[in-house]
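Let's take a walk through this structure, one stop at a time. Have the sequence and the 3D view ready.

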Amino acid sequence: MHDVLIIGAGPAGLSAALWCDELGLDTLLLEQNEQVGGQLLSIYGPVADYPGVKANNGREFLERFSESVGEADFDLWTNVEIESVDLKAKRVTLRSGEALPSIAIIIATGVRRRQLGIPGEREFVGHGIIESANRDRNEFAGKDVCVIGGGDAAAENALLLADVCPTVTLVHRRKALRARPTFTQQLQGQHCITVFPESVVTRILGSDKVEAVEILRKDALQPFQMAVQGVVIRIGVEPNTELFREQLQLDDQGYALVASQHETNVANVFAIGDVSNPLAPTISGASGAGATAAKVIASRLSGSR
Ligand SMILES: Cc1cc2nc3c(=O)[nH]c(=O)nc-3n(C[C@H](O)[C@H](O)[C@H](O)COP(=O)(O)OP(=O)(O)OC[C@H]3O[C@@H](n4cnc5c(N)ncnc54)[C@H](O)[C@@H]3O)c2cc1C
């Protein structure tokens, strides 16, 4: 029996594990991927807003983060497949059948990129679907590209690609972009960027790599095809709460609802980081929530032991 099971080893889960160890709690951290770090592994630009640490990218940031975490003495299992979680009973069951009981559970499962669910989206991963303009823009220099989405991430990727690509077409569903004003102003100043509002991409086409996208404009009856060699998809994120859906109170987008100390509607079950924070998802917020949850659990356990 562990004192605490933490699900997810991004910044929130790692910080919680560090603090649980510091506070003398017997802790097991479970991560589905081979590597810890969560979204840090997909940050290819600088991380400059975590007080005291400046890093050129997420992996460099993770190295610094791991220096502290590596000294802590908690159990970490990676490549873990969770079959089910009984939050009331505080028990996680793995696909292997192994049951892991605990006194408290911390959910730190973060978010994943939302998908379009259109033909070509999966097939062309690594063959023209651009993972990150920051990382891949040299590869796509001189090529025509399409960016799908209307928020900050879509606008930022379009601007980065506009430095090296002859044409960048930004396709988004709504009438107006949701990106912050500094980005929208910069977009207007870029002659190679064309914005298609009230439009959707219905297919990504090609033989063995991306060759075109099919775009349907709101007022048109038929879609049209446009030749591009690269596509960036940035249509937002969604929380990883499927495992807990029937047991946790969630908001209408599926984010876990928590009280001020990050406790959910189930006693001694906490949800920290992006999975419960749609408004201000940051590394510092996730780390701070990990510390708070660990401290609350430690103070309760010290009172009951
Ligand atoms: C491109 C990009 C740039 C960013 N730039 C910045 C920045 O400059 N500054 C900043 O503060 N923030 C930035 N962020 C946001 C920041 O990365 C997140 O706020 C932070 O990573 C949230 O941490 P988290 O631990 O809550 O979730 P995540 O990082 O999403 O980690 C969740 C972890 O849980 C694991 N998991 C999920 N489901 C399960 C399961 N069923 N079983 C086991 N494990 C599971 C996942 O594999 C993952 O490792 C950026 C994000 C992106 C994508």
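S287 sits in helix α6, which spans residues 283-304; helices here are DSSP runs (H or I, at least four residues) and strands are runs of E (at least two), numbered from the N terminus. S287 counts as buried because its relative accessibility is 7%, and buried means under 20% relative accessible area, with a 1.4 Å probe and protein chains only. Leaving aside residues up to four places away in sequence, S287 touches P11, S15, Y50 and F65, where contact means heavy atoms within 4.5 Å.

A word on the ground rules: this is a predicted model, where local features need pLDDT of at least 70, side-chain atom pairs count only at pLDDT 80 or more, and totals for chains, interfaces and linings use all residues. Residues are numbered from 1 along each chain as its sequence is written, and side-chain values use heavy atoms, with hydrogens and water left out.

Helix α6 also matters for the largest nonpolar core, giving it 9 residues, the most of any element. That core has 36 residues, and among those with the most contacts inside it are L14, F61 and I297. (A nonpolar core is a set of buried Ala, Val, Leu, Ile, Met, Phe, Trp, Tyr and Cys residues joined through side-chain atoms within 4.5 Å.) A second, separate core of 21 residues includes I130, L161, V168 and A179.

Now for a sheet: 4 strands form an open, parallel one in the order β12-β11-β10-β16, with pairing meaning that DSSP finds at least two bridges between two strands. Its edge strands are β12 (193-196) and β16 (230-233). Strand β10 (residues 145-148) pairs with β16 over 4 bridges, and V145 stands opposite G230 in β16.

Definitions and conventions:
Buried means under 20% relative accessible area, exposed over 50%, partly exposed in between (1.4 Å probe, protein chains only).
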